[in-house]
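Q: I am new to this structure and would like to learn how to read it. Could we go through it one feature at a time?

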Amino acid sequence: MASKKVSDYVLERLREWEVEHVFAYPGDGINGLLAAWGRADNHPQFVQARHEEMAAFEAVGYAKFSGKVGVCAATSGPGAIHLLNGLYDAKLDHVPVVAIVGQTNRSAMGGSYQQEVDLVSLYKDVASDFCEMVTVPEQLPNVLDRAMRTAMARRSVTAVIIPADVQELDYSPPEHAFKMVPSSLGMAHYAPVSAEADIERAAEVLNAGSKVAVLIGQGARGARQEVMEVAERLGAGVAKALLGKDALDDDLPYVTGSIGLLGTRPSYELMMECDTLLVIGSSFPYTQFMPEFGQARAVQIDIDPHMVGLRYPFEVNLVGDARETLRRLLPRLEAAKDNAWRKKVEKDTARWWEVMQRRAAVDAEPINPEYVAHALNELLPEDVILAADSGSAANWYARHLRLRGQMRGSLSGTLATMGPGVPYVIGAKFAHGDRPAIALVGDGAMQMNGMAELITVAKYWEQWEDPRLIVAVLNNQDLNQVTWEMRAMSGAPQFLPSQSLPDVAYADFARSVGLNGMRVEKPGDVQAAWQAALASDRPFVLDFVTDPAVPPIPPHASLDQIEAAATSILKGDSDRAGMVRQGFKAKVQEMLPGGRSRADRPGAEDGK
């Protein structure tokens, strides 16, 4: 009987941790592991991405949508380097991911050998909670167990570096001896809560308010019922950070939707006018979208003591699990004395959805991208998993799609990197092969890496019980978010050498690799295109030709600012007929809530 190699043991231990998939790309720095995969009949499954960064994104998507640890692997040197962007996405969004990477032989270290990179130093930041190199077999299983357990406990990235020659060594476990470290499997589930005195103080603050606003993030996902009870008790409105978009139903009348630059007007007004703020499971970074300092008394609930006290001068910081903490807080909360504040919140929110409908109906050349998302909203399957890429696509995801019930959605919340949309839904399909998945991406992100990952989709889709994976490309031949940021923030016209993109036949490419695809060039065809994709017997790419002149208007924008942005189009883009049209100013005004000028808006008198 052949001896068990270190590489065999690594895969065996991953199986014992119930790891079912490893998203990876091969290379000689992990040849020992690849051989072990062959001996293990590909269990856990080696999922071959087109690029290591995509493997990391797929691990992130898998972890986000499964609640389990995502595992990715790469070879030494360039492979390990390529993982970094996806791993930083996981680190910044607090997603548990373990990276297993190769390294040159121990005998070559320090010799400026081919593909030799100081990976311990390189990974020191991204895997700051745990990064270790295995140099002798007896370090296992401890190193691998700690990587898995730490990733779960701290919702972070960890890394295990295994030199190529170590992978080939015979495995020998740690002994009952001096300077040997034994280990054990498993991660206990626990739900910490704050001290009773702190919960009492929080209740006092919340009970004293008459205009309560609640902001939730992904940390509130397991406390849906409790958040609803708090909102009802206090007569509060609830805004959502983008990572918490699926934490509470958008159909609830007091849920004002997303907050921030990509957020909604009622969420902005909720924050600008409240006198009390409760933040649950969110590290939303943009202070300018929070109440003015001194305007509101505030309470924060977060499971991570490292993340409390950020963003706002909170009066009470509760460290604990959101669900358990709210359960202890609820009996201490008093019912709101009147419902005037709640009625205003609900009225503002209802009006916002009417505005969204009007904005989606505005004519464009050829298709209004807001209509693409708006038309999808009514067709969303109840168990859909959604991902949006960074860019203007994230605006339409944030504002038009109303998530409810079992629906899940995510994007790169904190790193806001381009490129995770398609790999996220690939990871999601390996987590939930029985559920449909949809990625809403811009053409910039699709050209950056999404097209290549269609090959990954083509390679694996027949394994999935539900074959539906839809990639909707907003093809406007423009790096649109940056273009509008240039106009709004710098007053500069579009700089074509940096912003203009070639038109690519995305649907044709999809068909060339055995998937379905459709190019959509008329507004009247949008709904039928979505229906065709949702009825398809295989993954589907929708190439929506959209208008780059539809602005992703921030919720606090004034008509003057939008007019300035529109004027900047005329300065430098007059040669692009699709960007210059009669009545542009009127259309932009129609897209604003009621077409109000800055002077008509709440808070205008004091500059808010």
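Q: What share of the contacts in the protein chain with a separation of 6 or more comes from residues 24 or more positions apart?
A: This is a predicted model, so what follows describes a prediction. Contacts can be sorted by how far apart the two residues sit in the sequence. In the protein chain, 74% of the contacts with a separation of 6 or more are between residues 24 or more positions apart.

Q: How many helices and strands does the protein chain have?
A: Counting the elements is a plain way to begin. There are 23 helices and 18 strands in the protein chain. The radius of gyration is 25 Å, close to the 25 Å that the globule rule gives for 608 residues, so the chain is as compact as a globular protein of that length. Along the principal axes, the C-alpha atoms fill a box of roughly 80 × 65 × 45 Å.

Q: How much of the protein chain is buried, and how much area is exposed?
A: Burial is read residue by residue, while area is summed for the chain. Of the 608 residues, 57% are buried. The chain exposes about 23500 Å², and carbon and sulfur atoms supply 51% of that area.

Q: What does one buried residue look like, for instance Ala 393?
A: Look at its place, its accessibility and its contacts in turn. Ala 393 belongs to helix α15, residues 392-400. Its relative accessible area is 1%, under the 20% limit, so Ala 393 counts as buried. Beyond the neighbours within four places in sequence, Ala 393 touches Leu 440, Val 441, Gly 442 and Leu 474. A distance can be read in two ways as well: Ala 393 and His 374 are 19 residues apart in sequence, and their C-alpha atoms are 12 Å apart in space.

Q: Where is Ala 108, and which residues is it in contact with?
A: The reading goes the same way for a residue in a loop. Ala 108 sits in the loop between β4 (97-103) and α6 (119-122). Ala 108 is buried, with a relative accessible area of 12%. Its contacts, leaving aside neighbours within four places in sequence, are Tyr 113 and Glu 116.

Q: How far apart are the mean positions of the positive and negative charges?
A: Charges can be treated as two sets, each with a mean position. The protein chain has 60 positive and 78 negative charges, and the two mean positions are 3 Å apart.

Q: How many salt bridges are found, and what does the one between Arg 332 and Glu 196 link?
A: A search of the whole structure gives 35 salt bridges. In one of them, the side chains of Arg 332 and Glu 196 meet with N and O 2.5 Å apart. This pair links distant parts of the chain, 136 residues apart: Arg 332 is in the loop between α12 (322-329) and α13 (340-361), and Glu 196 is in helix α9 (residues 196-207). Arg 332 is partly exposed at 26% relative accessible area, and Glu 196 is partly exposed at 42%.

Q: Which residues does a network of salt bridges link, and which residue pairs with Glu 521?
A: Salt bridges may come as pairs or as a network. Glu 226, Arg 323, Glu 324, Arg 327 and Arg 328 are linked in a network. Glu 521 pairs with Arg 519, their closest N and O atoms being 3.1 Å apart. Glu 521 is partly exposed at 46% relative accessibility, and Arg 519 is partly exposed at 33%. Asp 537 forms a salt bridge with Arg 538, with 3.4 Å between the closest N and O atoms.

Q: Where are there cis peptide bonds?
A: The angle to read is omega. The bond from Leu 140 to Pro 141 is cis, with omega near 10 degrees, and Pro 141 lies in the loop between β5 (130-133) and α7 (142-154). Another cis bond joins Glu 365 and Pro 366, with omega about -5 degrees. Pro 366 is in the loop between α13 and α14 (369-377).

Q: What is phi of Asn 42 and of Lys 179?
A: Here the sign of the angle is what to read. Asn 42 has phi near 60 degrees, a positive value in a residue other than glycine. Asn 42 is in the loop between α2 (31-39) and β2 (45-48) and is partly exposed at 34% relative accessibility. Lys 179, also not a glycine, has a positive phi of about 65 degrees. Lys 179 lies in the loop between α8 (164-167) and α9, and at 71% relative accessibility Lys 179 counts as exposed.

Definitions and conventions. Residues are numbered from 1 along each chain as its sequence is written. This is a predicted model: local features need pLDDT of at least 70, side-chain atom pairs count only at pLDDT 80 or more; totals for chains, interfaces and linings use all residues. Side-chain values use heavy atoms; hydrogens and water are left out. Helices (H or I, at least four residues) and strands (E, at least two) are DSSP runs, numbered from the N terminus. The radius of gyration is taken over C-alpha atoms; the globule rule is 2.2 Å times the number of residues to the power 0.38. Buried means under 20% relative accessible area, exposed over 50%, partly exposed in between (1.4 Å probe, protein chains only). Contact means heavy atoms within 4.5 Å. Accessible areas come from the Shrake-Rupley method with a 1.4 Å probe; for residues, only the protein chains shown count as cover. Lys and Arg count as positive and Asp and Glu as negative; His and the chain ends are not counted. The place of a charge is taken as NZ of Lys, CZ of Arg, CG of Asp or CD of Glu. A salt bridge is a side-chain nitrogen of Lys or Arg within 4 Å of a carboxyl oxygen of Asp or Glu.
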